[in-house]
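Reader: I am new to this structure and would like to learn how to read its features. May we look at it together?

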Amino acid sequence: MSVDVYIRAFSLGDVLGLVEIANNRNISDNLSDGFSNPFTEEAAIKFINETLSSEVISRFAIIYEGKHVGNIGLHPQTDIYARNAEVGYFIGEAYWGKGIATKAIELIVQHGFEKLDLVRIFAGVFSYNKGSMRALEKCGFEFEGISRHGAVKNNKILDVHEFAVLNPRY
């Protein structure tokens with residue numbers, strides 16, 4: 001089944017749509033604390049402006065059937081890890097289970113390997129988020145291990161399942 005998904009750069013026209021999909025506790029509970037709840041219009045403007053001012057655009061809107069339904073981005077590492085990036089993403093709750101995350105992950109991995117010449121892309125997923133783990137595995141990410149008590153979110157200590165995919169050119 002082919003899913004009509006693509007990723008594109010953000011614009012300030014995405015502010016209200018971003019607030020609509022991101023202002024959701026079920027979304028923010030799976031993201032870093034930088035994506036707050038409530039997620040306000042001011043937070044969306046700040047996020048988009050930061051993205052647009054980056055030297056290399058690495059955060060994108062996920063578009064499904066012509067509508068902004070989520071975000072995906074690569075977070076490049078530094079120093080000896082500079083050819084590595086962490087992938088982060090979310091899909092609006094109304095769009096879960098449609099294969100959108102899987103397609104968006106495929107697209108961002110292709111971008112990371114072809115345009116940014118990354119060697120490795122990795123992701124950390126809270127232990128309860130089985131859907132996210134499945135999406136990564138469908139895209140060739142391999143389970144590397146568990147960071148026991150690797151994160152604290154909403155005052156809960158969580159295990160983080162670590163996944164990575166390697167650039168086949170290396």
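Author: Let us start with charge, keeping in mind that this is a predicted model. One counts the positive and negative side chains and then compares the centres of the two sets; here there are 17 positive and 21 negative side chains.

Reader: How many Å apart do the centres of the two sets lie?

Author: In the protein chain, these centres lie 3 Å apart.

Reader: What pattern do the helices and strands follow along the sequence?

Author: One reads the elements in order. The protein chain has five helices and seven strands, arranged as β-α-α-α-β-β-β-α-β-α-β-β. Its radius of gyration is 15 Å, close to the 15 Å given by the globule rule for 170 residues, so the chain is as compact as a globular protein of that length.

Reader: What share of the residues counts as buried?

Author: A residue is buried when its relative accessible area is under 20%. Of the 170 residues of the protein chain, 45% meet that condition. Strand 4, residues 84-91, is mostly covered, with six of its eight residues buried.

Reader: Which strands pair with strand 4, and in which sense, parallel or antiparallel?

Author: Pairing is read from the bridges between strands. Strand 3 (residues 67-76) pairs with strand 4 in the antiparallel sense over seven bridges, and Leu74 stands opposite Val87 of strand 4. Strand 5 (residues 120-126) runs parallel to strand 4, joined to it by three bridges; there Asn84 has Arg120 in strand 5 as its bridge partner.

How values were computed:
Residues are numbered from 1 along each chain as its sequence is written. This is a predicted model: local features need pLDDT of at least 70, side-chain atom pairs count only at pLDDT 80 or more; totals for chains, interfaces and linings use all residues. Side-chain values use heavy atoms; hydrogens and water are left out. Helices (H or I, at least four residues) and strands (E, at least two) are DSSP runs, numbered from the N terminus. The radius of gyration is taken over C-alpha atoms; the globule rule is 2.2 Å times the number of residues to the power 0.38. Buried means under 20% relative accessible area, exposed over 50%, partly exposed in between (1.4 Å probe, protein chains only). Lys and Arg count as positive and Asp and Glu as negative; His and the chain ends are not counted. The place of a charge is taken as NZ of Lys, CZ of Arg, CG of Asp or CD of Glu. Two strands pair if DSSP finds at least two bridges between them.
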